[in-house]
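Let's take a friendly walk through this model, starting with its empty spaces and moving on to its cysteines and a helix.

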Amino acid sequence: MATYIARRILQTIILLIILLAFVFFLIRLLPGDPVLSILDPETVTEEQIEATRRRLGLDRPLYEQFAAYLMRMARGDLGQSIQHRQPVFQLIRRDLPHTIHLAAGSIVLVVIFGVPLGIIAAILRGRTADVGVLVFALWAAATPSFWFGLILLRIFAGWLGWLPLMGIGDGSLVDTVRHTFLPAFALSVNGVGLTCRMTRSCMLEVMDQDYIRTARSKGLAEQIVMFKHALRNALIPVITVVGTTMGAMLAGSVVIETVFTRPGLGRLAVNAIFARDYAVIEGTVAIFAITFVSINLLVDITYSIIDPRIRYS
Amino acid sequence: MRKKVVLLSILLVLALVFSLTACAPPDVPDEPDVPDVPDVPDEPEEKQLVIRYDMTVELDPAFYTLVEDHARIHQIYNALIQYGVDSLALEPDLAERWEVSEDGKTYTFFLRKGVKWHRDYGEFTAHDVEFSLNRIMDPAVNSPHTPTYSEAIESVQVVDDYTVEVTFVDDNPNHIHLLSTYHGGYMVSKAAVEDLGEGFGENPVGTGPYMFKNWVKDDRLVLQAFPDYFEGKPPIDEVVFLEIPEITVAELALQRGEIDVLLKVQDGDLFKRFIDDPGFYTFAKGGQPVRGIQFDTRTPPLSDVRVRRAIAHLLDLELIVETICGGLGTAAVSHLSPMFDEIPDVTPGLPSYPYDPEKAKKLFEEAGVTNLGKAQITAGGIWPDLFAHLQDQLRNIGVTLEIEQLETATWRDMRSQGQLSMTLFGTGTAPEPNRTLNLFLHSRSVPPGGLNISFYDEVDDLIDAARAERDPQKLSQIYQEIQVKLMEDLPQLPVYNYTFGQVVNNRVVGWNPGSFQANYRIDLVDVE
């Protein structure tokens, strides 16, 4: 297992270098001038724009910029934001916890709603409840999270006034949960649909297995058959799905943080893309990539722990 | 059992991470690496005004260029002179009065006494004026305003602590606008800039009614009342400029009372919802800036003036203002709004293009054009609807137009390279017409870099003549000639004089919509 983990970490580092190089060149080859996001061309001259470009090192050849970028990254320096004139590391350190909250809260909701609904649908297969859950799951998987978020805002923050409209709260646990619930709920909707269907499918597959028939034949209570034997085996692939859903949560945070006016890495990345703030884009992509790969690694490890048949070398 | 323990541990670690980060302070603004500054005395948070506005980019007047930053800069700093609350007339600000030399080049400003800088940086004096203006003109500072100020100002001379002379290179009366509440005209504290160095922009110090308190990038800027402001402590204790990217959320926040003022409303439907709402009052003031369609006149078919005039005949401007613009604006009659003092309400002989599809069709047939190629626009604002409407009108008379929606950064890039054949244009607010004309319609402003993407050069002499003219009547005459020529040739088709809507909660008393750019006088505002 240790060898496996070490190999995966090495693969991650190589993947990250390739990814960052790709992002570096891609964003610089896109049309759009970062200087024009901080200087109004109606107010300044072309000479001033060029001077600012020179000051930021944007006039240098791409290969020179890339070399400087690699040296900077090797020192652990993520660079300076053009827009905010702050170290990128500071901005990420400020915003990352909020995105983690949001993603973690979404995963909790995915598990709380997706798994039980899938189990219910499997147990009541063929009945009205099963059909209802399947329809709901289809809707949840197909619904755009940002649209759902706006609906939630309109209902729970607007009409009912039960929950806050925006922001992250005052830092206390209760207030943070209150401010995180709606955005997490919106972000979780696709994951709930997917997890629900996956749980149902896995449960149905397991429930047809011989060992389940054997357990029933032995006279075990149906509850024990379902939750001790069937569910434990059905959850193995579900855990994988939930883990990869986490990656989708990070991607979805980009829109949800904007809709719910929450600070976070997603919103930071979006603003940086619009402004062509290269260092911030590179820094956020790096963090997203590291997080995504780490989660996948964690899922694989968890998978091997749960299923003794899986052994990594 | 071992596996259960490992699993449980993983879950606990995740829960711990979540909880720890949940308990972190919501705003962790990293302190910039600047020397210690005197503590801002804590004021009890009593009256607060929350304004939804665009992202803050810059708080140092030497570097700001975006109009959105102007609204915030205007609260922190003062200039020697300012624009009136309801007009573009120049009024005293830090200067009580001023005199002009006989040759019209030297202005002597007599400064207010006892004006204090924020955070115990002493008293405002003529030395700060000299420092502020020289700083703008210093190439080493890298201010985007350096060329403008260096080309206009010959010298700044301190006469005594409360008297300063500014000598311009010539007697152009418009030079005085450089000393007004606009861009480099705002005064900064010499002591504070020398003390804070590059960190000044993150901890600005001015003489304005509000002083800097806190700035969370991409989130909010918080200003607090300056108790020693020379016109008296403002009624509102704290002003928060809040960034809410999603307009639906901003509307809900306004309805819930979480924000008090919604600025820069471009959605006519949203604006109309609040017009009749007794809990709010609205402004749609302004109307100087122009928006419309710009043509690259270098290549066919848009090089043919008949084609441009035909397009003009296809747009019912009143209807467009009412529907597409949601009532936020007025139909444009020319490139220069009558809001400029130099422009009369009615310019004799000004061509107009009433809505007449039949005439448009005839002009297209005369020009032998059935395909206009591509129009490139951005996705926001009225542009998709306006161009879709034009496309529809063209289709009805058998002419095709393809519309390409571009991301804003891409569009800006293409604009600066002169790669847009038919696109949108919009001017900002300017203190006088020559600036706008120079930027958009003089041949020295063609791309790359310039904004004359029509590559039009037929009014160069008139624009230069206007710049040199000192007689107001003759100046007005020149501008009228320019108006007529531009409406004849239509390198740009003005569609409407736009204004951003503003929606204000009724508990806010005395909100003023600003006469120039975003110069809101929040120090004149109170909340109930």
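Which residues line the largest cavity? They are His74(B), Gln75(B), Tyr77(B), Asn78(B), Gln82(B), Asp93(B), Thr181(B), Pro209(B), Tyr229(B), Arg521(B) and Asp523(B). This is a predicted model, where local features need pLDDT of at least 70, side-chain atom pairs count only at pLDDT 80 or more, and totals for chains, interfaces and linings use all residues. Residues are numbered from 1 along each chain as its sequence is written, chains are lettered from A and ligands numbered from 1 in the order in which they are written, and side-chain values use heavy atoms, without hydrogens and water.

A cavity is a set of points, on a 1 Å grid over the protein atoms alone, where a 1.4 Å probe fits but cannot get out; lining residues have an atom within 4 Å of a point. Eight cavities of 30 Å³ or more are found in the structure, and the largest holds about 70 Å³ of space.

Now for the cysteines. Over all chains there are zero disulfides (pairs of cysteine sulfur atoms within 2.5 Å). Why does Cys202(A) have no such bond? Its closest cysteine sulfur, in Cys196(A), is 12 Å away, which is too far. Cys202(A) is also buried, at 8% relative accessibility, where buried means under 20% relative accessible area with a 1.4 Å probe and protein chains only. Cys325(B) is buried too, at 2%.

Finally, look at Glu251(B), which sits in helix H6 of chain B, residues 247–256 (a DSSP run of H or I, at least four residues, numbered from the N terminus). Glu251(B) is buried, with 4% relative accessibility. Beyond its neighbours within four places in sequence, Glu251(B) contacts Leu270(B), Arg273(B) and Phe274(B), with heavy atoms within 4.5 Å.

Notes:
On a 1 Å grid over the protein atoms alone, a cavity is a set of points where a 1.4 Å probe fits but cannot get out, and a pocket is an open set with protein on both sides within 12 Å along at least five of seven lines; lining residues have an atom within 4 Å of a point. Grid points are joined across faces, edges and corners, and a volume is the space filled by probe spheres set on the points. Buried means under 20% relative accessible area, exposed over 50%, partly exposed in between (1.4 Å probe, protein chains only). Helices (H or I, at least four residues) and strands (E, at least two) are DSSP runs, numbered from the N terminus.
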